[in-house]
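Trainee: I should like to learn how to read the features of a model one at a time. May we begin with the cysteines?

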Amino acid sequence: MECLITTLNAKGLNSPNKSSHILLLLRKLKSKIVFLQETHFKPNRIPKLPKSPFGQWFHNTSSSSASRGVSTAIHNSIPFVCSSQNRDAEGRLLLLLKGDLGSQKIMLANFYVPNKGQVSWLLGALKTQQLFSEGIVILGAEMNLTLNPTEDSSQAKSQTSARALQRLRDKLHEVRLVDVWRSCNPTAKDYTFHSVPHGSFTRLDYIFAPALTLVKSAQIGSITISDYAPCSVMLHFPQLPKGEWVCRLNEAMLYLEENLPYIRNHISSFFKENASPQVSPPLL
C-alpha cells in the first residue's frame, strides 16, 4: 500500500476559514498522514475542525504560548492504532509510539523546533525519540534551520555554525534517519519557506525516514495558504493491503420519478413471491 505523508507549517488553525483551506489542500494532495506545526491551539480549547477524511487527530498544545503547537492527522483509510503517546510540556514535540500500521510497528514523530538554539533542542529531542522509538520511525519537522545551507537556502548561508550543523547531521545518521526529499532530489533546489522581509527562500520543512527502500517519491508543493509550502513523500508499506472499494447504492436514484413504478413493482413482487404460512409477517 502506498501512503503519502505530508508536513506543513500551518501558521495557525484556529480560523475556520484557514483550517478549511488547509484541509482542502491536503485532500487535493491525497495525503494520508499529516504533520502540522504552529497550530496555535490552546489547552482544552481545540476548535472543532471541519469535516474531513482524517478520522484520527493527535494534538499537543502549549500552556505558555499560543504560537506553538503540533498536530498529527491520520486518514480514515490508514489502519493506524496508537498504543502510546509522549508529549513535551512546551507544545513543540509530539511522539506517537508503539503504534501499529497493519502488522508493522511504527512511530510517528512531529517536531516544531524553536527559532533559537535549534541544534541543541533537536539533539535532545532525537535522544528522547531514540529511547522511545519502536519499529519504523517517520519524522515530520519544521526545523527552523537548513541542514545544508549551500543547497537549501537561496542566500547559501546560515546563522547556525557549520560545526553545529555537522553534529546534527551526525546524530541523524546515528538514529538512522534520512532526509527523504534531498535523497530523492540530490541536485535540485527547492524551498518550503519564503521570508518577505529578508527576500530569501529556505527549505525548513523535512520528512525523515529510516529506509529509502520504502520511498517512492518526494515533492515540495507551492506556497499558497501560509508562508510555507507542504513537503510530501510517498512511502510504500508492503505489509498493508490495498484499500478495497465498497459498492454503495446511490440513494438519489430512489427519488427519481421515472424509477418509482419500477421500485413499486419489484416490492409488490417480492411480497407475493415470499408470502407463505411458513414465513411469519415480522420475518417477511
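Trainee: How far is the sulfur of C184 from the closest cysteine sulfur?

Mentor: A disulfide requires two cysteine sulfur atoms within 2.5 Å. In this predicted model, the closest cysteine sulfur to that of C184 belongs to C231, at 9.7 Å, which is too far for a bond. Seen from C231, the closest cysteine sulfur is that of C184, again at 9.7 Å. The structure accordingly holds 0 disulfides.

Trainee: Is C231 buried or exposed?

Mentor: C231 is buried, with a relative accessible area of 1%. C184, at 32% relative accessibility, counts as partly exposed.

Trainee: How many salt bridges does the structure hold?

Mentor: The structure holds 7 salt bridges. In reading each one, consider the atoms that meet, then the elements that carry them, then the accessibility of both partners. Take R182 and E151, whose side chains meet in a salt bridge with an N to O distance of 3.6 Å. This pair links distant parts of the chain, with R182 in helix 5 (residues 180-184) and E151 in helix 3 (residues 149-152), 31 residues apart. R182 is buried, since its relative accessible area of 10% falls under the 20% limit. E151 is partly exposed at 31%.

Trainee: Which residue forms a salt bridge with D152?

Mentor: The partner of D152 is R203, and their closest N and O atoms are 3.1 Å apart. R203 lies in the loop between strand 12 (200-202) and strand 13, while D152 belongs to helix 3, so the pair ties together parts that are 51 residues apart in sequence. Both R203 and D152 are buried.

Trainee: Which residues are linked with R182 and R203 in a network of salt bridges?

Mentor: The network joins E151, D152, D179, R182 and R203. The two pairs just discussed should therefore be read within this network, to which R182, E151, R203 and D152 belong.

Trainee: What separates K171 and E174 along helix 4?

Mentor: K171 and E174 are 3 residues apart in helix 4 (residues 162-174), and so they are separated by about one helical turn. These two residues form a salt bridge, with the closest N and O atoms 3.3 Å apart. K171 counts as buried at 12% relative accessibility, whereas E174 counts as partly exposed at 47%.

Trainee: Where is N144 found, and how should one read a polar side chain of this kind?

Mentor: One asks where the residue sits, whether solvent can reach it, and what its side chain meets. N144 is found in the loop between strand 9 (136-142) and helix 3. N144 is buried, with a relative accessible area of 18%. Its side chain reaches the backbone oxygen of V113 at 2.7 Å. Not counting residues up to four places away in sequence, N144 touches Y112, V113, P114, N115, Q118 and L204.

Trainee: Which element of the protein chain has the lowest mean pLDDT, and which the highest?

Mentor: Where pLDDT is low, the predicted coordinates should not be read in detail. Among the elements of the protein chain, strand 7 (residues 93-101) has the lowest mean pLDDT, at 72, and strand 13 (residues 205-209) the highest, at 96. The protein chain averages a pLDDT of 85, and 88% of the residues score at least 70.

Technical notes
Residues numbered from 1 in each chain as written. Predicted model: local features only at pLDDT ≥ 70, side-chain atom pairs only at ≥ 80, totals over all residues. Heavy atoms only, no water. pLDDT = per-residue confidence, 0-100. Helix = DSSP H or I, 4+ residues; strand = E, 2+ residues; numbered from the N terminus. Salt bridge = Lys/Arg side-chain N within 4 Å of Asp/Glu carboxyl O. Buried < 20%, exposed > 50% of the residue type's maximum accessible area, 1.4 Å probe, protein only. Polar contact = N/O pair within 3.5 Å; in protein donor to acceptor, adjacent residues only side chain to side chain. Contact = heavy atoms within 4.5 Å.
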